[in-house]
Amino acid sequence: MNLIDLQQYIRFHIGQLSANNGSADFEKICLYYARLRIHRNILPATGPVQAGGDQGRDFETFHTYLSNTEIARSSFLAADSAGAVAFACSLQKDPTKKNGKVVSDVRVITSGGTKVERVYFFSGEDIPVAARHKVQEYVKKEFGIALEIFDAQALAMQLCDPDLFWIAAQFLNVSSEVFPERLEENWYEVLKKEYQQRKRPLSTFQEFEEVKGAIRHIYKKDQLKSDLTFWFPKLDEVISNPLLPSQLVRKSIYEKFVTSLVGLDFVEGQEENIEKYFKDFEAYLATPDLEDAQNLLSFCNNSLYLSRHKLSEDFLDEISGRMDTLLTSLLKDAHSIDHKAMLLEIRANFILNDRRSNKDILDNYDDFIDALDELLECLQETHFFPISQLSNRLNEYIRIFLRLDINLEDLEEITADVDDVYLKKGGMAAAGGKLRDRAVIYLKSGHHDKAIKLLHELKLKWFNKDTQEGMILTCLLLSDTYYKMDLLLAAKYFALVSAYIAHKSRETALSDKVVMGINMVMNCDYARGAWLSYLRLVPILLGTHEMMTKDFDLFEHEDSLPLLYYPAVIFESARRYIPKAMPILDETINAASGLKIHIQKFQDDFKKTLDDEQFKLKLAQEIPGSPFNDLGIDHEFLFNASGCDWHFSFKNDFLTTAIAEEFICTFQILLSEVSAIDFNFLPGKARIHLVWVQSGKCDIEEVEIEDDLAMLVKLSRFSGKTPADRSKHIFNQIVCAQALLYQRSMLSKENYEPLIAPVLKNHEIISKVSFGQSYENVFREFYDKSWFDANRMIGVWTPFGPEAKKVPKNTALRERRGISQVYDSANAMERIQNRINNLQKPLSVSLPILITQAWFQEIITELRADGWLDWQILHALGHIVVNHKAKAHMEVNLAKAEQQRKRHFDLLSKDEKEWYQAVDKSIITFDQLTENLQNMVPLVVLQAFGLENKSYRPDMPLIREFLKDRFQFFEDGKEIDLFSSAK
C-alpha cells in the first residue's frame with residue numbers, strides 16, 4: 001500500500017478510538033511514538049522514576065506532581081538538559097478552542113513548580129494550521145513555554161514509517177493486508193542476517209511486523225520465496241506460545257496461511273491453526289479484526305475447491321453463517337457513519353466470496369453490487385473512511401472480473417461514483433492515481449477502449465485542475481496505450497505533449513518526464529519507420545540524460561536500447577541498402593559526441609551474424625512500418641486498423657509534416673473512439689494523400705495517383721488565437737477524418753449518419769484530440785525547420801516503400817468479421833425470392849427455352865462450379881437479356897445512357913411475351929455472365945442491404961469478399977434450384 005493510502009487508513013482507525021473507548025490505546029500510541037522519535041527516556045506520569053543530581057530531583061518531583069493530577073493517565077514526561085519535557089494526549093474534540101483541552105493540560109503541567117521547557121500535545125483530531133498557530137502563540141505568551149502539537153493526520157503519517165508501524169498494528173489492530181513498503185537498500189538481507197543470529201523466540205508486535213515485512217517482500221518472488229521456510233518457523237513460535245497476546249497469535253496464523261497459500265500454493269497442516277482462529281472470532285469486533293477474519297475465510301473457501309487443505313465444507317459453511325449473523329448484528333448497532341461504511345465494505349466482500357450452497361462469485365455478483373450500492377449511499381457522509389482502500393479493492397475486482405464473461409457496467413458505474421467521492425475528499429492527486437491504476441488494469445487485460453476512455457476523462461480533469469505532473473503522467477499512459485494499439489502517431493502526439501509540458505515547466509522535478517516523453521516519441525518514430533525523425537531526437541535524449549543523471553553510463557542505463565541498438569539498426573540498414581543516405585544520417589547525430597563509435601560495435605555484430613536477406617527479415621519482424629519512410633520528397637505512412645490498410649502520403653517538408661501528422665493523429669484517435677461501432681468498412685488498402693492549403697475548411701475528393709485511386713485531403717493550417725478558434729479547427733479536422741471513414745464504409749448515408757452523429761455531437765471528442773497548444777507548436781519545440789527541410793527533401797530511392805511492406809494486422813482494432821449487424825436473414829431471403837419473382841416476367845419466354853439447351857446447361861454447370869448460386873445467375877441472365885433487347889428496341893436518337901437505363905427498367909416490368917426477341921449463345925456467354933456476376937449483381941445486392949459503393953472505380957473482388965463474409969452472399973438461397981434440368 002502506498003504511503004498516502006496507508007496514512008488515510010491509519011487516520012481512519014485513530015478516529016475510531018473515541019467511539020471504542022480507546023483512550024488507553026491512544027495514550028500508548030503517543031507514548032511509544034514519542035519514545036522512538038522525540039525522547040528515548042520518556043516515562044509515563046504514573047510510573048516509577050529514578051534520576052540523579054539536582055535535575056534528577058526536579059524531574060522526580062515533577063513526576064510525583066503529575067501522577068497526582070487529573071491528566072496522570074494521559075501524560076508522560078522526559079528529562080531534558082534544560083529541564084523537563086512534558087507530553088499530553090487527548091481524543092477530545094476541538095482541543096484548541098479557548099480554554100480547551102490543550103490550554104487546560106498546559107496549565108496543569110506548568111502549575112507544578114518545576115521548569116518545563118516544552119510541551120508536546122497529541123490529539124486524536126485534525127487541527128487546522130490557523131488554530132494550531134493561535135493556541136501556540138497563546139501558550140507562549142501566557143505560560144512562557146514552547147508548545148508542539150501532533151494532530152491525528154501528523155501522527156498517522158509518522159506511523160507509516162516501517163520502524164513505527166508495529167505501533168499501529170498493536171494498538172489500532174490494522175488489517176493484516178495493510179503494511180508499509182520498505183525502501184532502504186539491502187534492508188531484507190540485513191534483517192535476515194539479524195534474525196539468523198537471534199536466539200530468542202519472536203514475542204513482540206515490533207518483531208512480528210519485521211518478520212511480516214520480510215515475508216511479504218519475498219512470498220511472490222520466485223528467486224526469494226524459498227526463504228519462507230526460514231521465516232515461517234518464526235511465526236510458529238508465536239502461534240504455539242500460549243502466553244503471548246491473542247491478537248499477535250491471530251495475526252501470525254493469518255500471515256502464515258495467506259502467504260503460504262499465495263506464495264507456495266501449499267497450506268496443508270495448518271487446519272488446526274484455522275480452527276483455532278475462528279473458534280471465537282466473534283470476540284474480536286474491531287473492524288480490522290473483522291476484515292482479517294472475512295479475508296481469511298475467503299482464502300479458505302476459495303482454496304477448498306482446489307483441494308489445498310482438509311478443512312471441511314461444513315466447517316467453513318458454519319463459519320460463514322456465523323460471520324453473516326455477526327455482520328448483520330453489528331450493522332444494526334453501528335456507532336458512526338464511518339463504522340457503518342467499514343462494516344458495509346466488509347459485508348460486500350463477504351457476500352462476493354460466500355460459498356454456501358455451492359455458489360461462486362458469478363452467482364454472488366448481483367448481491368455484491370447491491371451491497372456496494374448500500375455502501376455508496378453513505379460514503380459521501382463519512383469523515384475518515386479509507387476511500388483509497390475501497391478504490392484499490394474495486395480496481396482489483398475489476399481486474400478479476402475482466403477475466404470472466406460478465407457485464408461490468410454496474411461495477412464500473414459504482415467505481416466511477418467512488419472516484420467522484422474520492423476526488424472531493426482526497427483531491428485530484430489521490431483520485432487521479434486510482435484512475436490511472438485502473439487504466440493500466442484495462443490496458444494489461446487488452447481492453448484498450450476502456451483504458452483510453454478513462455485516461456481521456458482523467459486528462460480533462462488534470463487539465464482543468466492545472467496539475468502538471470498528473471497531466472504528464474496521464475499523457476504518457478495515453479501514449480503507451482495508443483502505442484500498444486499500433487496507432488503510432490496518436491501515441492507520438494501524447495508523448496510529445498508530455499515532453500512539451502515537462503520541458504516548459506522548467507521544474508527540475510519533472511525533468512525525468514521530459515526524458516520519458518522524448519523516449520516514447522522516439523519509439524513511435526522508430527516503429528513506424530520515420531528514422532530521420534528518430535535520429536533527430538537522439539542527441540536531445542542523450543543530452544537530457546547527461547544533464548540530469550549523475551555519472552550517466554550509456555551502456556548500463558535502461559535507455560541503451562533507443563540510444564545504441566536502434567541507431568545501429570538504422571545505420572546498418574542505410575549502409576547495406578541506401579548508402580547515399582549515410583551523409584544525412586551522420587549529420588543528424590553529429591551533436592551526439594562519440595555516439596557513432598558506440599553504434600559501430602552493434603553494426604559489427606550485425607555484419608558478422610546476418611546477411612542481407614536475414615537482416616531484411618529482422619527488420620520486417622521488428623518494426624511494423626516501412627524503414628526510412630521519411631526520407632525523400634514524399635513521406636509515406638502505412639498502418640492497419642479496423643480491417644483497412646490506411647496508406648497516407650504527404651510532402652516531406654516541415655510544415656506539411658506537422659499539419660499531416662496532426663491530422664493522422666486525429667484520424668487514429670477517431671478510429672479508436674468509434675471502434676465499438678460497426679461501420680461495415682471495406683477491407684483492403686485505403687490510400688489518402690494529404691496537402692495543405694492557405695485557407696478554408698478541410699475538404700476531400702477522390703482522385704487518381706499513379707493509376708491508383710486515392711482520397712485527396714486538403715488541410716488548412718491553424719491560424720487562430722483563442723481556445724475557441726482551436727476547438728473549431730480541431731472539430732473541422734474531426735469532421736474531415738470521419739469523412740474518410742464514410743468513404744471507406746459500405747453503409748449508405750442514411751445508415752451511416754445515425755452512427756457517427758453521437759460521436760460528433762459529443763464535445764469531449766475535441767478535448768481528446770487537443771490539449772490547448774497546436775500540434776505545430778509542440779512539433780516545432782523538438783524539430784528544427786532548417787534541419788528538417790535540408791535533410792528530408794532529397795531524392796533518395798529506398799527499397800522499403802509501402803508497396804513492399806506487408807502491414808501487420810492490428811490486434812487491438814481488429815477487422816470486423818462474421819455477420820453484419822445490419823444483415824437480416826429473413827429479409828435477405830425475402831429479397832432473393834422477390835428478385836426471382838420479378839425476373840419471371842421479363843424472362844417468361846426465354847428462360848424455359850434456354851433451360852432445354854445443352855450449351856446453356858454447360859454454362860450453368862460451370863458457373864455453379866465457380867460458386868455462383870442460381871438466383872445470382874438468374875439475376876445476371878435477366879440483366880443481359882433485357883439489356884440486349886433494350887438496345888435493339890432503342891431508336892437512334894434515344895442512344896443516351898440515362899434514357900437507355902430508363903428503357904431497361906421499363907422492360908424489366910413487362911412480360912416478355914409482349915416484346916419477345918430470340919436470344920442465342922452469341923448473346924449469353926460464360927464470360928458475359930461471369931462479368932455480370934462479378935460486377936453488376938454484387939452492386940445491386942449492396943443497395944438491398946442499405947449499403948453503398950462510394951467509389952467511381954469500385955474494387956469488386958473486395959466487395960464480393962465483403963458480401964460473402966458479412967452478408968451471406970454465397971450462402972443465402974443456396975438450396976434454390978432455378979435450372980432444374982441442370983441438376
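Biologist: Let me start with one residue: in which helix is Arg132 found?

Modeller: Arg132 is found in helix H5, residues 129–143. Helices (H or I, at least four residues) and strands (E, at least two) are DSSP runs, numbered from the N terminus. Before we go on, this is a predicted model, where local features need pLDDT of at least 70 and side-chain atom pairs count only at pLDDT 80 or more, while totals for chains, interfaces and linings use all residues. Residues are numbered from 1 along each chain as its sequence is written, and side-chain values use heavy atoms, with hydrogens and water left out.

Biologist: Which residues does Arg132 touch, not counting residues up to four places away in sequence?

Modeller: Contact means heavy atoms within 4.5 Å. By that rule, Arg132 touches Ile127, Ile149 and Asp151. You can also look at C-alpha atoms: those of Arg132 and Thr96 are separated by 7.0 Å, with their positions 36 residues apart along the chain.

Biologist: Where is Asp151 found, then?

Modeller: Asp151 is found in the loop between strand S5 (146–150) and helix H6 (152–158). Its contacts, leaving aside neighbours within four places in sequence, are Ser123, Glu125, Asp126, Ile127 and Arg132.

Biologist: And why does Asp151 count as buried?

Modeller: Buried means under 20% relative accessible area, exposed over 50%, and partly exposed in between (1.4 Å probe, protein chains only). Asp151 has a relative accessible area of 6%, so it is buried. Compare Glu117 in strand S4, residues 116–123: Glu117 counts as partly exposed because its relative accessibility is 31%. Glu117 is 32 residues from Val85 in sequence, yet their C-alpha atoms are 5.7 Å apart in space.

Biologist: What about Lys225: buried or exposed?

Modeller: Lys225 is buried, because its relative accessible area is 19%. The place of Lys225 is in the loop between helix H9 (205–218) and helix H10 (228–239). Residues that Lys225 touches include Gly263 and Leu264.

Biologist: How do I read the faces of a helix?

Modeller: List the buried residues and see which way they point. In helix H8 (residues 187–197), Trp187, Tyr188, Leu191, Lys192 and Tyr195 are buried. Seen down the axis of H8, these fall within an arc of 125 degrees, so they line one face of the helix. The arc is that of the directions from the helix axis to the C-beta atoms.

Biologist: Which residues are exposed on the other side of H8?

Modeller: Val190, Lys193 and Gln197 are exposed there. The buried residues of H8, for their part, pack against H9 and H10.

Biologist: Can we zoom out to the whole chain?

Modeller: Gladly. The protein chain has 41 helices and 10 strands, and buried residues make up 54% of its 983 residues. Of the contacts with a separation of 6 or more, 73% come from residues 24 or more positions apart.

Biologist: Which residues have the most contacts inside the largest nonpolar core?

Modeller: In soluble globular proteins, nonpolar side chains tend to be buried together. A nonpolar core is a set of buried Ala, Val, Leu, Ile, Met, Phe, Trp, Tyr and Cys residues joined through side-chain atoms within 4.5 Å. The largest one here has 289 residues, and those with the most contacts inside it are Phe122, Leu411 and Trp646. Helix H18 (residues 409–444) gives the largest share of this core, 13 residues. A second, separate core of 15 residues includes Val102, Ile127, Ile145 and Ile149.

Biologist: How many cavities of 30 Å³ or more are there?

Modeller: A cavity is a set of points on a 1 Å grid over the protein atoms alone where a 1.4 Å probe fits but cannot get out; lining residues have an atom within 4 Å of a point. Points are joined across faces, edges and corners, and the volume is the space filled by probe spheres set on them. The count comes to 5 such cavities of 30 Å³ or more, and about 90 Å³ of space lies in the largest. Of the 13 residues lining the largest cavity, Ala828, Ile832, Trp871, Val941 and Phe945 are the closest to its centre. The largest share of that lining, 4 residues, comes from H34.

Biologist: One last check: where is Asn680 placed?

Modeller: Asn680 sits in the loop between helix H28 (654–673) and strand S8 (684–693). Although not a glycine, Asn680 has a positive phi of about 55 degrees, and at 1% relative accessibility it counts as buried.

Note on methods:
1 Å grid on protein atoms, 1.4 Å probe; cavity = no way out; pocket = protein on both sides within 12 Å on 5 of 7 lines; lining within 4 Å.
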